[in-house]
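Here's a quick briefing for anyone meeting this structure for the first time. Take a look at the model, then read on for the main points.

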Amino acid sequence: NVTALLPVKGASKGPVTVVGWVKSSRRGGKPRCLGAWNVAPGTGAAFVGRKEPGPVTLQWALPGGKKQKKQITLEDGPVRLQIK
């Protein structure tokens with residue numbers, strides 16, 4: 001699984017909406033939304049997981065900023081992503 005969080009002393013006071021995506025094997029590889037989470041510094045995090053190892057894409061935009069995304073490959077253990 002991936003835990004996405006905002007650092008307490010980071011540039012954004014939040015909240016920031018984080019959206020998780022995965023390619024679907026059923027629909028010809030089109031992206032499938034796993035959900036959306038409001039993430040706030042020090043109080044909330046997004047937890048995204050899947051049953052089998054593979055890539056997950058997280059997308060977010062800091063207040064006043066452009067959309068950002070990061071692809072993370074999930075394997076055996078948890079992954080922690082700090083949004084900056």
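The accessible surface of the protein chain comes to about 5,700 Å², and 51% of that belongs to carbon and sulfur atoms. Keep in mind that you're looking at a predicted model. There are 0 helices in the protein chain, but there are 7 strands.

**Overall build**

- If you walk along the sequence, the pattern you meet is β-β-β-β-β-β-β.
- Measured out along the principal axes, the box that the C-alpha atoms fill is roughly 40 × 25 × 15 Å.
- How does the radius of gyration sit with that of a compact globule? The protein chain has 13 Å, which agrees with the value near 12 Å for a compact globule of 84 residues.
- As for burial, 35% of the 84 residues count as buried.
- Take the contacts between residues at least 6 apart in sequence: 47% of them join residues at least 24 apart.

**The three-stranded sheet**

- One open sheet has 3 strands in the order E4-E1-E7, and its pairing is mixed.
- Why is one side of E4 and of E7 left without a neighbour in this sheet? Both strands stand at the edges and each has a single partner strand, so one side stays free of a sheet neighbour.
- On average, neighbouring strands here are turned by 20° against each other, direction ignored.
- In general, strands of a sheet pair through backbone hydrogen bonds, in either a parallel or an antiparallel way.
- E1 (residues 2–5) pairs with E4 (residues 45–48) in the antiparallel sense, over 4 bridges.
- Within that pairing, valine 2 stands opposite valine 48, and threonine 3 has phenylalanine 47 as its bridge partner.
- On the E7 side (residues 79–82), E1 pairs in the parallel sense, again over 4 bridges.
- There, leucine 5 stands opposite glutamine 82.

**Strand E1 up close**

- Which way do the residues of E1 point? Val2 and Ala4 go one way, while Thr3 and Leu5 go the other way.
- Whichever way they point, all four of these E1 residues are buried.
- Alanine 4 has plenty to touch beyond its neighbours within four places in sequence: its contacts are Val18, Val39, Ala45, Ala46, Leu58, Leu81 and Ile83.

**The nonpolar core**

- The largest nonpolar core has 16 residues, and Ala4, Val18, Leu58, Trp60 and Ile83 touch the most other members.
- Which elements give two or more residues to this core? They are E1, E2 (16–23), E4, E5 (54–61) and E6.
- E5 gives the most, with 3 residues.
- Two of those well-connected core members, Val18 and Leu58, turn up again among the contacts of alanine 4.

**Out at lysine 67**

- Lysine 67 lies in strand E6, which covers residues 67–74.
- Is lysine 67 buried or exposed? Lysine 67 is exposed, because its relative accessible area is 67% and anything over 50% counts as exposed.
- Setting aside its neighbours within four places in sequence, lysine 67 is in contact with Gln59, Trp60 and Ala61.
- One of those contacts, Trp60, is also among the core residues that touch the most other members.

Notes
Residues are numbered from 1 along each chain as its sequence is written. This is a predicted model: local features need pLDDT of at least 70, side-chain atom pairs count only at pLDDT 80 or more; totals for chains, interfaces and linings use all residues. Side-chain values use heavy atoms; hydrogens and water are left out. Buried means under 20% relative accessible area, exposed over 50%, partly exposed in between (1.4 Å probe, protein chains only). Contact means heavy atoms within 4.5 Å. The radius of gyration is taken over C-alpha atoms; the globule rule is 2.2 Å times the number of residues to the power 0.38. Accessible areas come from the Shrake-Rupley method with a 1.4 Å probe; for residues, only the protein chains shown count as cover. Two strands pair if DSSP finds at least two bridges between them. A nonpolar core is a set of buried Ala, Val, Leu, Ile, Met, Phe, Trp, Tyr and Cys residues joined through side-chain atoms within 4.5 Å. Axes are lines fitted to C-alpha atoms, for helices over the stretch in contact, and angles run from 0 to 180 degrees between N-to-C directions.
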